[in-house]
Amino acid sequence: MEYREYGKTGLKLSTVGFGVMRLYHPDIEESVAVLREAMKQGVNIYETCRHYGDHEVRLGKALKGYRDKVYISSKGHYGEVEALKKDFETSLKILDIEYFDFYQLWGLADMEGLAAARQNGVLDQLRDYQAQGLCKHIGFTSHGQPENVVKLVESGEFASVTVPLSLIYQRTLPVVAAAKKKGVGVMVMTPLMGGVLANPSTRLKEKLSGYTSAEFALRWLASLDGVGTVLSGIGQMSDLEENLKVGDGNRLSPEEMMKLDEVIKEFSGLDDKFCTGCGYCTPCPQEVAIPYILKFYNQAKAFGLVDWAKEQYNNLEQGHGWAPGMKADKCTECGECEEKCPHGVPIREKLKEMVELME
Ligand code: SF4
Ligand code: SF4
């Protein structure tokens, strides 16, 4: 496994990081096995949070005997100090660890947000935890506008920043450059656009000989100067295997990067209001399965997998636990979801398109 200096923290993080958000296997022991295997294979950074269901329980179990070999990053909302304290202290207890290596302000969008975190005592509280050794480094995660995130990086308050970045969502590249200049470590989230780049894509495959689309997408990120670790949402052993390949430290060659330019040009016709499947827009009052439907939308529109998308779409409303929720035609266009989407996805418009596309 390749390890990289992480900003000015003095830590070396594995190029492959483990986002625990997608560890939803019904059998907890199965998740523990995937986490343990990652630890054995040298993945040393694990990203979690208080609000990912029972994932802290899973990670806590896997950490037994491995805590001193890995780094743990968690995050909490910055709007209210008591809520942050509750999350921070509960997480430590459930994970059964003494400290976090990183604690991040969750979803900090701009300098106004930072001013609020200063004013309401959240930042002081984190500094206090840091002084007590309960959290080694303070960072933030953001889906904000890149120009605003750059200002946050340059504020000097943070040792780490976590932003979405992928082959088909490159708007945050200036954040990576600013962070490198400032000595702030960068964790990349949604590297596979919520799984879109992990699924077989005939159009993409034609362009990328020798790699799966997921490996190419991850390798591209790992080849970027300034990226500290790529946090993939790993749910099962096969995801882990795919990710581990990229830990060999091999960069894409200049020829491959050039080939990539062609791919990017071809795919840049996609709008950047791309759904990453984060789920922040849910719940919908009509129980419309927004993230699922938009994933199928992405597959159909970006990669031409219309038949595959139809097949998946038709699993909705069938009572399957793995395809919960209603189809797009149940949307009443109330707009509640769009107010919550950090990427500004025009959800209603896309749902309408899907009703026609999936007929
Ligand atoms: S606009 Fe449609 S999908 Fe969004 S919350 Fe309202 S009913 Fe649900
Ligand atoms: S529509 Fe927006 S909030 Fe909902 S899952 Fe997609 S990116 Fe996330």
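Select Met187 first: in this predicted model, Met187 stands opposite Thr229 in β10. Keep both strands displayed. β10 covers residues 229-233, and two bridges join this strand to β9, with the two running parallel.

Now extend the selection from Met187 to the whole of β9, residues 185-189. Is this strand mostly covered or mostly open? β9 is mostly covered, with five of its five residues buried. Colour the strand by side to see how this comes about. In a regular strand the side chains alternate between the two faces of the sheet. On one side of β9 are Gly185, Met187 and Met189, and on the other are Val186 and Val188. Both faces are covered, and the residues on each are all buried.

Add β8, residues 160-164. This strand pairs with β9 in the parallel sense, over five bridges. To find one point of this pairing, select Pro164, whose bridge partner in β9 is Met189.

Next, go to the helices α2 and α3. Two packed helices are described by the angle between their axes and the distance between the axes. Select residues 55-63 for α2 and 81-95 for α3. Their axes come within 8 Å and cross at roughly 45 degrees. An angle that is neither under 35 degrees, nor over 145, nor from 65 to 115 counts as oblique, and α2 and α3 are therefore oblique to each other. Which residues meet where these helices touch? Show Glu56, Val57, Leu59, Gly60 and Leu63 from α2, then Ser91, Ile94 and Leu95 from α3. By class, the residues of this contact are five nonpolar, two polar and one charged.

Step from α3 into the loop that leads to β6 (100-105), where Asp96 lies. The phi of Asp96 is near 60 degrees, a positive value in a residue other than glycine. Asp96 has 14 other C-beta atoms within 10 Å and is partly exposed.

A second positive phi is found at Glu317, about 65 degrees, although this residue is not a glycine. Look for Glu317 in the loop between α13 (306-313) and α14 (336-340). Is Glu317 buried or partly exposed? With 15 other C-beta atoms within 10 Å, Glu317 is partly exposed.

Then centre on ligand 1. Its surroundings comprise 15 residues, the closest being Cys284, Val288, Cys331, Cys334 and Cys337. The elements giving two or more residues to this shell are α14 and α15 (347-357). α15 supplies the largest share, three residues. Coloured by class, the shell around ligand 1 shows nine nonpolar, three polar and three charged residues.

Move on to Pro283, in the loop between α11 (254-267) and α12. The peptide bond that joins Thr282 and Pro283 is cis, with omega about 0 degrees.

Finish at ligand 2. Here 14 residues form the surroundings, and the closest are Cys275, Cys278, Cys281, Pro291 and Cys341. Which helix gives the most to this shell? Select α12, residues 290-303, which gives the most, with three residues. What classes of residue make up the shell around ligand 2? There are ten nonpolar and four polar residues, and no charged ones.

Key
Residues are numbered from 1 along each chain as its sequence is written. Chains are lettered from A and ligands numbered from 1 in the order in which they are written. This is a predicted model: local features need pLDDT of at least 70, side-chain atom pairs count only at pLDDT 80 or more; totals for chains, interfaces and linings use all residues. A residue is buried if 20 or more other C-beta atoms lie within 10 Å of its own, exposed if 12 or fewer, and partly exposed in between; C-beta atoms are placed from the backbone. Helices (H or I, at least four residues) and strands (E, at least two) are DSSP runs, numbered from the N terminus. Two strands pair if DSSP finds at least two bridges between them. A residue is near a molecule or strand if its C-beta atom, placed from the backbone, lies within 6 Å of it. Ala, Val, Leu, Ile, Met, Phe, Trp, Tyr, Cys and Pro count as nonpolar, Asp, Glu, Lys and Arg as charged, and the others, Gly among them, as polar. Axes are lines fitted to C-alpha atoms, for helices over the stretch in contact, and angles run from 0 to 180 degrees between N-to-C directions. Two residues are in contact if their C-beta atoms, placed from the backbone, lie within 7 Å.
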